[in-house]
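Please open the model in your viewer and keep the selection panel at hand. The tour below goes from stop to stop, saying at each one what to select and what is there.

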Amino acid sequence: MKLKISVLVFGFMLLVLSLAHPVGAVSSVSSDNYQIDWPNLNMGAGLPSAEGVYKLGVTTGQTAPGFYEYTDGYRIRAGFQYIHSIIPFSFSLSPVNLNFGTLSVGVLTNEQTITLTVNSGSAGGYQVKAQENDLLTSNANSTIADTTCDTGDTCDHDTDFGTWTDTSTYGFGYTMTGDDVPSGFSSGTKFRNLADAPGEDPVKVMGKTPAEGHQAGRGKIATMSARINISNIQAAGIYRNILTFIAIPTF
Amino acid sequence: MQKVKLHSKIQNFKFLIVIFIFSFLFLNLATKATQAQSLSLSIWPPLLEVMMQPGKSITQVYKLKNNGETDLAFTSSIVPFKPADELGNIKLENSRLPPWFSFQNANLDLSQKFLLKAGETQEVVLKIKVPEQTLEKDYHATLLFETIPGVFLGQSGMQTQAKIGSNILLTVSQSGQPLKKAEIVKFAIRNLKIRQLPIIDSFTKPQFLLRIKNTGPALFKPAGAITASGWFGQKYVLNLLPENVLVNSTRLVGCENQIDAKFLLGPYKTKVEFGLDTLETDYSAEITFFALPIKFILGIIIAVVVIWFVKAKLGVDKRLL
């Protein structure tokens with residue numbers, strides 16, 4: 001009986017100790033701005049420097065050499081020298097497809113949005129470019145052209161940004177709002193065409209560089225609002241194409 | 001009789017529970033399927049800088065992660081690029097690079113399609129092998145992973161495809177110390193208050209414009225600082241960001257920090273000095289700007305004018321009375 005009580009007390013104490021004391025083997029350390037997957041950092045504090053004499057770059061990461069001696073015939077440096085973060089560069093899209101459903105004629109409300117999210121943690125800067133594979137095309141090979149400007153607006157949507165408030169302006173176009181979007185979109189009041197592959201180069205829809213004030217971090221969010229307006233002579237059909245986003249850090 | 005009724009009620013209750021559980025599971029599963037509407041990718045490292053001798057080879061591990069909710073099919077490629085602007089953005093080119101790049105993975109080759117399940121990471125070992133007799137110069141490429149669009153069952157609309165890339169800056173050099181040459185294209189103050197004149201407001205922090213051109217045969221990073229020295233011996237040192245300046249291109253180089261003063265006054269002699277990859281003073285340029293309390297002076301002038309106007313008005317009113 002006594003033995004049973006002792007075992008129970010021991011078990012209870014062990015349970016209490018286990019719950020009260022967190023496990024010490026940390027597999028990763030993270031905050032909103034960084035994540036360290038291998039917490040065995042072997043590094044000194046601060047940047048070693050002596051005014052006017054020398055300056056060394058320090059990179060953190062795994063316990064591995066950064067810049068090798070050239071005696072082996074090569075040197076490698078992975079990541080940006082001046083960003084002490086190993087958060088991967090990441091890019092997200094939501095939703096994956098833009099489903100416009102049945103299009104109404106002569107209205108500016110056939111709109112769908114797509115959210116772009118970038119975590120630029122370890123990148124000096126970044127850009128997200130967009131391009132369509134072709135015009136919106138039906139099975140019968142009819143197309144919905146890229147939008148033209150409103151009457152009286154002298155813009156060229158291929159290279160410039162223009163207003164689109166007239167219901168008699170037809171076609172397909174988009175605008176951008178949110179973080180790090182080109183200022184030409186004027187907070188979503190100006191529209192553009194998408195570049196068509198392969199003839200036209202993809203155009204920047206989001207991005208910032210250090211010279212533009214880029215701050216490495218998480219959760220840079222922009223929204224693309226895509227709009228279609230068709231006239232009453234548009235051939236009936238299901239129109240589709242493929243929109244490609246290219247997310248690349250700067251060099 | 002009562003027993004039969006009770007039994008019947010229990011049977012009905014059981015049936016309802018079964019229906020409820022079935023509906024709950026069905027709805028939950030169906031919702032999950034329709035909510036799988038996002039795509040998320042990440043890549044590490046974001047940049048790879050390599051200098052190597054002809055005849056040598058190196059390997060680098062890349063990690064591609066599918067952070068999304070659905071499995072994705074991918075393909076990969078190595079695409080040459082050139083600078084798109086002076087900011088560090090790139091323009092992918094249609095040309096091809098020599099076949100120096102390959103994957104060392106046992107089950108995956110470069111350009112081969114592969115499936116990456118939701119939440120999983122694919123590690124690829126990129127091998128770069130530069131043949132003997134290769135011309136000593138820089139080669140720039142992007143390792144690109146692209147999703148293969150699935151079937152789109154909706155009505156009129158667009159399918160999306162995502163590409164995520166990481167840039168590779170490869171310098172082929174026998175000595176490991178290729179010749180590096182630069183030119184300061186422009187060193188000026190961006191936020192001048194009065195056109196052409198190097199004057200800023202005392203309450204504004206000066207923003208420097210530094211454009212550096214690479215006139216040599218290999219890329220470099222400027223290593224140095226901008227130093228602003230004031231009338232009263234104040235000294236502000238702004239370290240240059242060690243950003244890559246590619247061959248035959250110009251780059252707008254920023255600073256790691258800003259002048260940490262809230263009020264500046266008088267002339268500031270400002271000098272930029274830098275070396276190429278090493279902290280030297282091989283390249284330098286100098287400007288002088290003046291910090292004046294323009295807004296403050298304007299405020300006083302406006303206040304004096306208003307007071308004068310009010311006084312004059314009151315004087316006229318008194319005379320009329």
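What share of the contacts in chain A with a separation of 6 or more comes from residues 24 or more positions apart? The share is 71%, where two residues are in contact if their C-beta atoms, placed from the backbone, lie within 7 Å.

Before going further, please note that this is a predicted model, in which local features need pLDDT of at least 70 and side-chain atom pairs count only at pLDDT 80 or more, while totals for chains, interfaces and linings use all residues. Residues are numbered from 1 along each chain as its sequence is written, and chains are lettered from A and ligands numbered from 1 in the order in which they are written.

**Stop 1: chain A and its confidence**

Select chain A and colour it by pLDDT, the predictor's confidence in each residue, from 0 to 100. Chain A averages 79, and 71% of its residues score at least 70. The chain holds one helix and 17 strands; helices (H or I, at least four residues) and strands (E, at least two) are DSSP runs, numbered from the N terminus. Confidence in chain A is highest in strand β9 (residues 126-132), with a mean of 97, and lowest in strand β4 (residues 54-55), with a mean of 36.

Now select residues 32-68 of chain A, over which pLDDT stays under 50 and for which the model has 43 contacts beyond four places in sequence. Residues 20-29 of chain A also stay under 50, and there the model has seven such contacts. Where pLDDT is low, the predicted coordinates should not be read in detail.

**Stop 2: an enclosed strand of chain A**

Next, select strand β16 (residues 220-229) of chain A, which is largely enclosed by the rest of the structure because seven of its ten residues are buried. A residue counts as buried if 20 or more other C-beta atoms lie within 10 Å of its own, as exposed if 12 or fewer do, and as partly exposed in between, with C-beta atoms placed from the backbone. Over chain A, with its 251 residues, 35% are buried.

Add strand β8 (residues 111-119) of chain A, which pairs with β16(A) in the antiparallel sense over eight bridges; two strands pair if DSSP finds at least two bridges between them. Within this pairing, Q112(A) has A226(A) in β16(A) as its bridge partner. Then add strand β13 (residues 171-178) of chain A, which runs antiparallel to β16(A) and is joined to it by eight bridges, with F172(A) partnered by I228(A) in β16(A).

**Stop 3: where the two chains meet**

Show both chains together and look at their contact, to which chain A brings 57 residues and chain B brings 56 residues. On the side of chain B that touches chain A, β10(B) gives the most, with 13 residues. That side of chain B divides into 25 nonpolar, 23 polar and eight charged residues, where Ala, Val, Leu, Ile, Met, Phe, Trp, Tyr, Cys and Pro count as nonpolar, Asp, Glu, Lys and Arg as charged, and the others, Gly among them, as polar.

To see strands pairing across the chains, select strand β6 (residues 89-94) of chain A with β1(B), which pair in the antiparallel sense over five bridges. F89(A) stands opposite I43(B) in β1(B).

Which residue of strand β10 of chain B is worth selecting next? Choose S166(B), which is found in that strand and is buried, with 27 other C-beta atoms within 10 Å. Not counting residues up to four places away in sequence, S166(B) touches residues including P249(A), I43(B), Y62(B) and T142(B).

**Stop 4: the domains and a sheet of chain B**

Colour chain B by domain, using bounds from an automatic or database domain assignment: domain 1 is 46-149 + 161-172 and domain 2 is 182-298. The centres of these two domains of chain B, taken over C-alpha atoms, are separated by 35 Å. Nine residues of domain 1 of chain B are in contact with twelve residues of domain 2 of chain B.

Finally, select the open sheet of five strands in chain B, whose order is β12-β18-β17-β14-β15, with mixed pairing. Its edge strands, each pairing on one side only, are β12 (199-201) and β15 (235-239) of chain B. Strand β14 (residues 222-229) and strand β17 (residues 266-276) of chain B run antiparallel and are joined by eight bridges, and A225(B) has E273(B) in β17(B) as its bridge partner.
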